[in-house]
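User: I should like to learn how to read the features of a protein model, taking one kind of feature at a time. Could we begin with charged side chains?

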Amino acid sequence: MTKWVYTFGDGRAEGAADMRNLLGGKGANLAEMSSLGLPVPPGFTLTTELCTWYYDNDKRYPGELTGEVDAALRFIGGLVGKIFGDAENPLLVSVRSGARASMPGMMDTVLNLGLNDMTVEAVAAAAGDRRFAYDSYRRFIQMYSNVVLDLDHHNFEDILEFYKEERGFDLDTDLAADDWQEIIVRYKARVEEDLGKPFPQSPEEQLWGAIGAVFESWHNQRANTYRRLHGIPDDWGTAVNVQAMVFGNMGETSATGVAFTRNPSTGENALYGEFLVNAQGEDVVAGIRTPQDLTEAARVGAGSDKPSLETLMPDSFAEFTRICGILESHYRDMQDLEFTIEQGKLWMLQTRSGKRTAKAALRIAVELAEAGVLTTNEAIARVDPAALDQLLHPTIDPDAERNVVARGLPASPGAAQGEIVFDADTAERMKADGRPAILVRVETSPEDIHGMHAAEGILTTRGGMTSHAAVVARGMGKPCVSGAGMIRVDYATATLTVAGKTLSKGDVITIDGTTGEVLLGRVKMLQPQLSGEFASLMEWADAARRMKIRTNAETPADARTAREFGAEGIGLCRTEHMFFEEGRIIAVREMILAADEAGRRAALDKILPMQRQDFKELFKIMAGLPVTIRLLDPPLHEFLPQEEEELAEIATALGTDPERVRRRVQDLHEFNPMLGHRGCRLGISYPEIYEMQARAIFEAAVAAAAETGSPVTPEVMIPLVATRAELDFLKTRIVAVADAVKRETGADLDYQIGTMIELPRAALRAADIAEAAEFFSFGTNDLTQTTFGISRDDSARFLAEYVEKRLLDTDPFVSLDRDGVGELVEIASERGRAARPDIKLGICGEHGGDPASIAFCETIGLDYVSCSPYRVPIARLAAAQAALGGTIERDK
């Protein structure tokens, strides 16, 4: 028979810390603390399996449950000398939720359960304090009515505030027992008025109502939202913890508080927290009274004139400090604690591994490792790689007021603020004038690169997490919010409209690329600071990981940033981004508009020295590390403007007829350009383009090697290959260029030619393609598009709904779809290695910076991942965790 109830108390327990999946985090740790001999109020836990059973059986309970609960109540009563439901010697209990993953404040709690019109008198007599008893009773009515009977808090707050005004009271603590009795009468009247029945007096009815409410709270809106944001499965369920009440509101020798064994913001090894005298737990977080500091040092630092717990109750403080040391040592992690002091007696109500900032997580993990509490590998596993974003970018001060006017996708982390501009040229001019700007576009294109580089941040109304704006912004380390569809942009009037507000060019906004929020005006910011602990953790991670970490970079600035962050080469250099540089876009357009091959080659001759210098700079910065250069990929129309005024400017600059330019733009128009004349198809139609780029690469490699003394082995990558024949056609021409450069320079030239695997056909035919390719780089952005048949630029409109309706676990452009796209990557890897055992395999899509996707890459044995420069540290840590077999759970 299934066991539904597990008891704990008096130094023993039926559960333990390693039973969190069954007992929830709170229940498992209450059992563990009890077994450690710590002062824990006795109680019992109803399992998460019971929650699942409850929902699977039309919200009913197993027949045997009542007997198990009654026996557990007798167990508690036997330890504290009280009887649940007894009118003269009543046992009062708390009922709290407790899922296996910490979900602070997301689910419901009921305190003082068991009080009614009769038991309140018995409690008053036993305590010798009528005010305490009736204060506890009114709290119970208020909490139970809200949590179980679904009456809003304000119903009761209004009654209390009106009564205080009537009697001239300022604080709750001014009310005497008689006052609370009158409040209770009014509370119960409101319950009966709203529900048509009196407040329940039966303790048994109260208990089962509270248990049901906790189970129901697993699916309340805030819990559902929290689980979605933190990736917690719906089917885990919550446990319910029932404990004997201990009271922090029994006078001036009683108190309640919360604490962390270390500072959760900075990681400093110092007790951190607050408490209230003569209060219950909800008072500390409700903000009705100002809490006091635990330690005297914290009190002095805060400039408070209220005594610390250390001064006010020195014996209890000393005992609490001792227990903090025991728990941190036992769990080998910073602990988040709740406690109550009842008439000088300390009781521990909760311990769990505390939530913390990335800065604190880093410091705590490294200090615990340096102290020998953790191994370096355990320290690696304690830090969430994604949280490192907090350390690498400016962020909004958590205490700052946030006037949010719109929300989009958190496309590139960090925060930025500046004046709204609607075009790239204006952003560049403002940068030159020293005025920060936020570039606002419906969507960006490669032609906006200079403005994106100049702007502090980018905001788009269309596009997903792998849209042009998102990819480029991440590469530049610029904050970006994409897909903010509620914003309407009007380029003609230089305005945007959202939520009934119209903002104009020059108005100031702040964007938070970590949360996807758009805020009105300027907001206080925090600048990133990298500590010595960061370097230590990265050193340990590098020693633990197997995969190499490269970067996606095509500018010297990006390459240098990536190297500073520890990149071990370039896994993707997008050459098309270089074409938009000032001074060369005209030559590119001349090449596109040329009437024949001779005209194209003449234009390409102008571009050649520029490309050669670009590549030479990258080779020098990488100093012998591998550099993978993708030949031209996007369709040619992206390099031509669409507006009439710009078309005329180009015609003038090139000395040609505007109508000819217009016709060429029309000729290049495609209905679905992402599946059109791009990638290797361009190289086949216009081999001279790829020949020029190959020559630039090889000449740059020879020159860089001569200048630095470090050998350069460029990796030439041909994009969008679907067949072996395409690769053979282009490889022959690239090899011919390499041979020519060798003859001309007399240099020894080592290089590799490979391809991007970004089409399902290429993945399936990988064995055939590998006979000609020396490396595969999986372009998972396009592979995801072509596998799902979804445009990454338009998917933001509906993919969030797919995730919300649980049709997909996550956005496949954010985290690799293991079952579909992942299977294609695995098939291609296996077949590629079978044909060429030494083939180099990597991933260069945006998934290369996603920890979950990196873990998949480790499982199938890829050689490297490549990501944007600011995600290199994240990838280094995630690769180490993947090599070590995953992360240690941080929410105990």
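Analyst: The general idea is that side chains of opposite charge can pair when their charged atoms come close. In this predicted model, Glu367 and Arg363 lie in helix H14 (residues 358–370), four residues apart, about one turn of the helix. They form a salt bridge in which the closest N and O atoms are 2.9 Å apart.

User: Is Glu367 buried, exposed or partly exposed?

Analyst: Glu367 has a relative accessibility of 22%, so it counts as partly exposed. Arg363, at 26%, is likewise classed as partly exposed.

User: Which parts of the chain does the salt bridge between Arg678 and Asp633 link?

Analyst: The side chains of Arg678 and Asp633 meet at 2.8 Å, N to O. This pair links distant parts of the chain, 45 residues apart: Arg678 is in the loop between helix H26 (658–668) and helix H27 (680–685), and Asp633 is in the loop between strand S27 (627–630) and helix H25 (644–654). Both Arg678 and Asp633 are buried.

User: Which residues are linked in a network of salt bridges?

Analyst: The network links Asp542, Arg545, Lys548, Glu568 and Arg876. Within it, Asp542 forms a salt bridge with Arg545, with the closest N and O atoms 2.9 Å apart. Asp542 counts as partly exposed because its relative accessibility is 29%, whereas Arg545, at 12%, counts as buried. A search of the whole structure finds 62 salt bridges.

User: How should a sheet be read, and in what order do the eight strands of the open sheet stand?

Analyst: Strands of a sheet pair through backbone hydrogen bonds, either parallel or antiparallel. Here the order is S13-S23-S22-S15-S16-S17-S18-S14, and the pairing is mixed. Strand S13 (404–407) and strand S14 (409–412) are at the edges with a single partner strand each, so one side of each has no neighbour in the sheet. On average, neighbouring strands of this sheet are turned by 35 degrees against each other, direction ignored.

User: In which sense do strands S15 and S16 pair, and what packs on the sheet there?

Analyst: Strand S15 (residues 415–421) pairs with strand S16 (residues 437–441) in the parallel sense, over three bridges. Val421 stands opposite Leu439 in S16. Helix H17 (residues 424–432) packs on the sheet and touches S15 and S16, its direction making about 110 degrees with that of S15. Helix H19 (residues 468–476) also packs on the sheet, touching S14, strand S17 (457–460) and strand S18 (480–482); its direction makes about 45 degrees with that of S14.

User: How is the packing of two helices described, and at what angle do H5 and H6 pack?

Analyst: Two packed helices are described by the angle between their axes and the distance between the axes. Helix H5 (residues 130–147) and helix H6 (residues 153–167) pack at about 150 degrees, with their axes 8 Å apart. H5 is therefore roughly antiparallel to H6. The contact involves Arg138, Gln142, Ser145 and Asn146 of H5, together with His153, Phe156, Glu157 and Leu160 of H6.

User: Finally, how many residues does the largest nonpolar core have?

Analyst: In soluble globular proteins, nonpolar side chains tend to be buried together. The largest nonpolar core in this model has 120 residues, and those with the most contacts inside it include Phe615, Phe698 and Ile718. Helix H28 (residues 687–708) contributes the largest share of this core, 11 residues. Another core, of 58 residues, lies apart from it, and Val5, Ala72, Phe132 and Met250 are among its members.

Note on methods: Residues numbered from 1 in each chain as written. Predicted model: local features only at pLDDT ≥ 70, side-chain atom pairs only at ≥ 80, totals over all residues. Heavy atoms only, no water. Core = buried A, V, L, I, M, F, W, Y, C linked by side-chain atoms within 4.5 Å. Buried < 20%, exposed > 50% of the residue type's maximum accessible area, 1.4 Å probe, protein only. Salt bridge = Lys/Arg side-chain N within 4 Å of Asp/Glu carboxyl O. Pairing = 2+ DSSP bridges. Axes fitted to C-alpha atoms, helices over the stretch in contact; angles between N-to-C directions. Contact = heavy atoms within 4.5 Å. Parallel < 35°, antiparallel > 145°, perpendicular 65-115°, else oblique.
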